[in-house]
Amino acid sequence: MSGADGEMTAWRVLRPGPIGGRPMDLVRAPVRAPGDRELLVRVLACGVCRTDLHVAEGDLPVHRTGVVPGHEVVGEVVALGGGVGEWFAIGDRVGVAWLRHTCGVCKYCRRGAENLCPESRYTGWDADGGYAQFTTVPADYAHPLPPGYADAELAPLLCAGIIGYRALRRAALPLGGRLGIYGFGGSAHLAAQVALARGAEVHVMTRDPKARELALDLGVASAQGAADPPPVALDAAILFAPVGDLVLPAMAALDRGGVLSIAGIHLTDIPALNYQRHLFQEREIRSVTANTRADAREFLAFAAEHHLDVTVHPYPLDGADRALTDLAHGKFAGAAVLMP
């Protein structure tokens, strides 16, 4: 690295396809100067999200050829674009998350649903992200970070935490209700802690024995196999695993009026539902599409007030392909984090 005015090391997705086929290359790339109302940040940590895997493998359509993935970035501000000097200073520590642009004028933005903005753009998909030594962020989309966490612990909060928080809101869990969680990775282990802190009874369904052990250590009421029925009827459920087949057992586990919230940006096809068994008695399925900045502010404020146990597995920057491979094969419980 030559510094913020020179070159850096970065990963680029050049051949989207199965992670075993090495769709990314580690390259030298110029460090881009920040534009107006942008910050240039030195990456201190970048979480490895399943969405990054979907970008690398082509499950999500290519938005930018050769994009640098990564959207859970903890960074130090090293340069300021025009118009941001009164809000940020060199040396500030900020978070860079998935959402990086909305139009602000469409009907969705005006009603507080900027996550549905047709002009929305995303870090690590539409613009280069944090699998690099430096990245940029529009100042309006940079997040102050809660105290009391190491850089590696903060990184997963910036997508896994935020999107899990929105998924929990979408699940409409009643106060003191029973929540089922399907899949127990980086996002789920944070959402479970939010639900527990709010008095919920949480039941986890996951195929991974290590993840079941982590869930029980965090205080959930039960942990069983991915498609196994929980021991009680559920008031709400969240599907974190990108597996459409799990929609059926999740819906069957819901009590009357229960809601299933599907947290992922990508899901394999859902098998045919049986109306009586899966939907009758006013059960609902709700999708989750990105998040708003208000979601991020609320969740990060919660994380400041209620310290979350963030289970992280650090990898060096040049091990990003290995981190994604390990994620794809369920080699760890919790969240992987790149440490440049």
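# A guided tour of helices, rings and cysteines

Begin by selecting helix α3 (residues 151-170) and helix α8 (residues 293-305), which pack at an angle of about 105 degrees with their axes 9 Å apart. The arrangement therefore makes α3 roughly perpendicular to α8. Angles of 65 to 115 degrees count as roughly perpendicular, those under 35 as roughly parallel, those over 145 as roughly antiparallel, and the rest as oblique. An axis here is a line fitted to C-alpha atoms, for helices over the stretch in contact, and the angle runs from 0 to 180 degrees between N-to-C directions. Helices (H or I, at least four residues) and strands (E, at least two) are DSSP runs numbered from the N terminus.

The model on display is predicted: local features need pLDDT of at least 70, side-chain atom pairs count only at pLDDT 80 or more, and totals for chains, interfaces and linings use all residues. Residues are numbered from 1 along each chain as its sequence is written, and side-chain values use heavy atoms, with hydrogens and water left out.

**Stop 1: the contact of α3 with α8**

Select L157, L158, G161, I162, Y165, R166 and R169 in α3; they meet D295, A296, E298, F299, L300 and A303 in α8. Contact means heavy atoms within 4.5 Å. The residues of this contact divide into eight nonpolar, one polar and four charged. In this division, Ala, Val, Leu, Ile, Met, Phe, Trp, Tyr, Cys and Pro count as nonpolar, Asp, Glu, Lys and Arg as charged, and the others, Gly among them, as polar.

**Stop 2: E153, also in α3**

Next, select E153, which lies in helix α3. At 22% relative accessibility, E153 counts as partly exposed. Buried means under 20% relative accessible area, exposed means over 50%, and partly exposed lies in between (1.4 Å probe, protein chains only). With neighbours within four places in sequence left aside, E153 is in contact with G148, V310 and V312. Now add H313: its C-alpha atom is separated by 9.7 Å from that of E153, although the two residues are 160 residues apart along the chain.

**Stop 3: aromatic rings**

A pair of aromatic rings is described by the distance of the centres and the angle of the planes. Rings of Phe, Tyr and Trp (its six-membered ring) pair if their centres lie within 6.5 Å; planes under 30 degrees apart count as stacked, over 60 as edge-to-face and the rest as tilted. By this rule the count comes to six aromatic pairs.

Select W98 and Y122, a stacked pair at 4.8 Å centre to centre, with 25 degrees between the planes. W98 lies in the loop between β5 (93-96) and β6 (99-101), and Y122 in strand β7 (residues 121-122), so the pair ties together parts that are 24 residues apart in sequence. Both rings belong to buried residues, W98 at 6% relative accessibility and Y122 at 8%.

Return to the two helices and select Y165 and F299, a tilted pair at 5.9 Å centre to centre, with 50 degrees between the planes. Y165 is in helix α3 and F299 in helix α8, so this pair ties together parts that are 134 residues apart in sequence. Y165 is buried, with a relative accessible area of 6%, and F299 is buried at 0%.

Finally, add W125 to W98 and Y122: ring pairs link these three residues into a cluster.

**Stop 4: helix α9**

Select helix α9 (residues 320-328), in which A320, D321, A323, L324, D326 and L327 are buried. What covers these buried residues includes β1 (7-13), β2 (24-30), β3 (38-48), α1 (50-57), β16 (312-316) and β17 (335-339). Just after α9, G330 takes a positive phi of about 60 degrees.

**Stop 5: unusual phi values**

Most residues other than glycine have a negative phi, and most peptide bonds are trans. R22 is not a glycine, yet has a positive phi of about 60 degrees. R22 lies in the loop between β1 and β2 and is exposed, with a relative accessible area of 52%. Q281, also not a glycine, has a positive phi of about 65 degrees. Q281 is found in the loop between α7 (275-279) and β15 (284-287) and is partly exposed, at 27%.

**Stop 6: cysteines**

How many disulfides does a search of the whole structure find? The search finds zero, a disulfide being a pair of cysteine sulfur atoms within 2.5 Å. Select C49 and C159: the sulfur of C49 has its closest cysteine sulfur in C159, 4.0 Å away, which is too far for a bond. C49 counts as buried, at 12% relative accessibility.
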